[in-house]
Amino acid sequence: HGQTPAELIKHADLAMYEAKSQGRAAWRFFEPRMAAAAYAALEMESRLARAVRDGEFVLHFQPQFALAAGAEATLVGVEALIRWQDPERGLVLPDAFIPLAEERRLILPIGRWVLAEALRCAVRWRDAGFAPGPVAVNVSTQEFQSPGFVEGVAQALRDSGARGDMLELELTERMLMEDVATVRAALLRLRAAGVRIAVDDFGTGYTSLAHLKHLPVDRLKIDRSFIADVPGDAGSVAIAGAIVNLGQRLHLQVLAEGVETEAQRAWVAAQGCDAQQGFLAGAPLPAAAFEAWLRARRG
Ligand code: C2E
Ligand code: MG
Ligand code: MG
């Protein structure tokens with residue numbers, strides 16, 4: 001499996017890596033496809049590093065609407081979603097590059113850019129007289145756990161001239177449940193700056209309800225995998241309904257993610273969900289198109 005000692009060791013290492021990634025306590029022979037996969041990841045990493053350096057990212061924006069009867073047209077917020085404008089491959093969605101960015105720690109500069117850019121847009125919209133509600137920014141575990149994260153957010157707010165309440169941070173359950181005392185302290189400082197905290201993809205992680213009760217969180221976002229199967233699937237109906245109930249009793253806002261059909265919208269509204277986001281009400285749009293849409297709405 002190698003023509004030189006160095007190559008042999010490198011290939012043995014790839015086989016070991018594969019054995020470890022498949023649950024350890026296992027063995028694997030080297031296969032050429034392992035080298036191909038490792039090479040592809042390496043190439044992707046260098047392209048991603050170039051993307052960071054050359055600023056190849058863009059944000060798309062997806063509106064969030066109220067659900068209460070009579071208030072369905074009220075915009076309650078907007079989520080910023082990153083895309084990579086790769087010169088060779090075109091627009092790349094985050095699921096195709098965020099995991100690698102996390103693995104190679106490129107997520108830190110990417111996250112800083114997302115936050116700054118989202119706030120720049122929010123300030124521009126405010127100054128233009130639109131009131132789209134807070135802009136929601138997705139935060140990855142590594143960013144949240146990096147030293148100085150809270151200070152970085154405060155600095156980004158100052159640099160942009162945005163008020164804290166123009167920003168919502170979307171965290172995941174897993175992030176919130178690690179080292180709860182430290183997390184709670186960080187959330188309290190963000191909250192003191194006016195920043196809102198949402199739990200993204202709620203229902204798919206590992207929330208300890210005992211911990212959730214103590215965390216200063218503003219909003220639960222019901223994961224779209226549950227919304228996809230309501231109102232037809234009894235399991236999803238039970239889970240999504242229970243999340244709405246839990247949120248209401250803990251005095252949290254509840255937003256349904258991924259609402260695609262009128263039947264789903266009617267069902268989440270009937271449950272008493274506060275807000276919805278999804279293709280039915282509006283798909284994510286590039287900044288310019290989103291702004292044009294805001295202008296048209298006002299007019
Ligand atoms: P998410 O935060 O849960 O974002 C919602 C995803 O659902 C977005 O996918 C959005 O386009 C998609 N979506 C919205 N409405 C619907 C719908 O009605 N039906 C369906 N099937 N999908 C819908 P997207 O933009 O591909 O983002 C995927 C994930 O990538 C996000 O999930 C988020 O976890 C992550 N992500 C996006 N932007 C960032 C970022 O700036 N930083 C970090 N760290 N992660 C990000
Ligand atoms: Mg999100
Ligand atoms: Mg989500």
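This report walks through the metal sites, strands, core and ligand contacts of the structure above.

Keep in mind from the start that this is a predicted model.

## Two magnesium ions and a shared residue

Let us begin with the magnesium ion (ligand 2). Which residues hold it? Its protein donors are Glu79 (OE), Asn138 (OD1), Glu170 (OE) and Asp200 (OD), and they lie 1.9 to 2.2 Å from the ion. If you trace these donor residues along the sequence, their spacing reads E-x58-N-x31-E-x29-D. Glu170 belongs to strand β5 (residues 167-172) and Asp200 to strand β6 (residues 196-202), so this pair ties together parts that are 30 residues apart in sequence. Are Glu170 and Asp200 buried or exposed? Both are buried.

Next comes the magnesium ion (ligand 3). Asp200 (OD), Asp201 (OD) and Glu257 coordinate this ion at 2.0 to 2.6 Å, with Glu257 (OE) listed twice. The spacing of its donor residues in sequence is D-D-x55-E.

Did you spot a name that came up at each ion? Asp200 bridges the magnesium ion (ligand 2) and the magnesium ion (ligand 3), which lie 4.1 Å apart. How accessible are Asp200 and its neighbour in the sequence? Asp200 has a relative accessibility of 9%; buried means under 20%, so Asp200 counts as buried. Asp201, with a relative accessible area of 27%, is partly exposed.

## Around ligand 1

Now turn to ligand 1. There are 22 residues around ligand 1, and those that come nearest are Arg83, Asp200, Arg224, Glu260 and Phe279. Asp200 is a residue you have already met as the bridge between the two magnesium ions.

Some polar contacts of ligand 1 can be followed atom by atom. The table sets them side by side.

| Atom of ligand 1 | Protein partner | Distance |
|---|---|---|
| nitrogen | Ile82, polar backbone atom | 3.1 Å |
| oxygen | Asn138, N or O atom in the side chain | 2.9 Å |
| oxygen | Glu257, N or O atom in the side chain | 3.3 Å |

Two of these partners also appear at the metals: Asn138 is a donor of the magnesium ion (ligand 2), and Glu257 helps coordinate the magnesium ion (ligand 3).

## Strand β1 and its partners

Strand β1 (residues 57-66) is a good place to see how strands sit together. Of its 10 residues, 9 are buried, so the strand is largely enclosed by the rest of the structure.

Which strands pair with β1? One of its partners is strand β2 (residues 75-86), which runs antiparallel to β1 and is joined to it by 9 bridges. Here Gln62 stands opposite Glu79 in β2, and Glu79 is one of the donors of the magnesium ion (ligand 2). Strand β10 (residues 285-286) also pairs with β1 in the antiparallel sense, over 2 bridges. In that pairing, His60 faces Pro286 of β10. Strand β9 (residues 275-277) is another antiparallel partner of β1, again over 2 bridges. Ala66 has Ala275 in β9 as its bridge partner.

## Strand β8 and its partners

Strand β8 (residues 253-257) has 4 of its 5 residues buried, so it too is largely enclosed by the rest of the structure. Strand β7 (residues 219-222) runs parallel to β8, with 4 bridges between them. Arg219 stands opposite Gln253 in β8. β8 also pairs with β9 in the parallel sense, over 3 bridges, and there Leu255 is opposite Ala275. Ala275 therefore links our two strand stories: it is the bridge partner of Ala66 and stands opposite Leu255.## The nonpolar core

What lies in the largest nonpolar core? It has 78 residues, and Phe61, Leu167 and Leu187 touch the most other members. Helix α4 (residues 107-127) gives the most to this core, with 11 residues.

Phe61 is worth a closer look. Leaving aside neighbours within four places in sequence, its contacts include Val78, Glu79, Ala80, Cys121, Trp125 and Phe290.

## A helix residue to finish

Finally, find Gln142 in helix α5 (residues 141-145). The side chain of Gln142 reaches the backbone oxygen of Glu102 at 2.4 Å. Not counting residues up to four places away in sequence, Gln142 touches Glu102, Glu103, Arg105, Ile107 and Leu108.

Definitions and conventions: Residues numbered from 1 in each chain as written. Chains lettered and ligands numbered in written order. Predicted model: local features only at pLDDT ≥ 70, side-chain atom pairs only at ≥ 80, totals over all residues. Heavy atoms only, no water. Donors = N, O, S within 2.8 Å, 3.2 Å for Na, K, Ca; no water. Buried < 20%, exposed > 50% of the residue type's maximum accessible area, 1.4 Å probe, protein only. Pairing = 2+ DSSP bridges. Core = buried A, V, L, I, M, F, W, Y, C linked by side-chain atoms within 4.5 Å. Contact = heavy atoms within 4.5 Å. Near = heavy atom within 4 Å. Polar contact = N/O pair within 3.5 Å; in protein donor to acceptor, adjacent residues only side chain to side chain.
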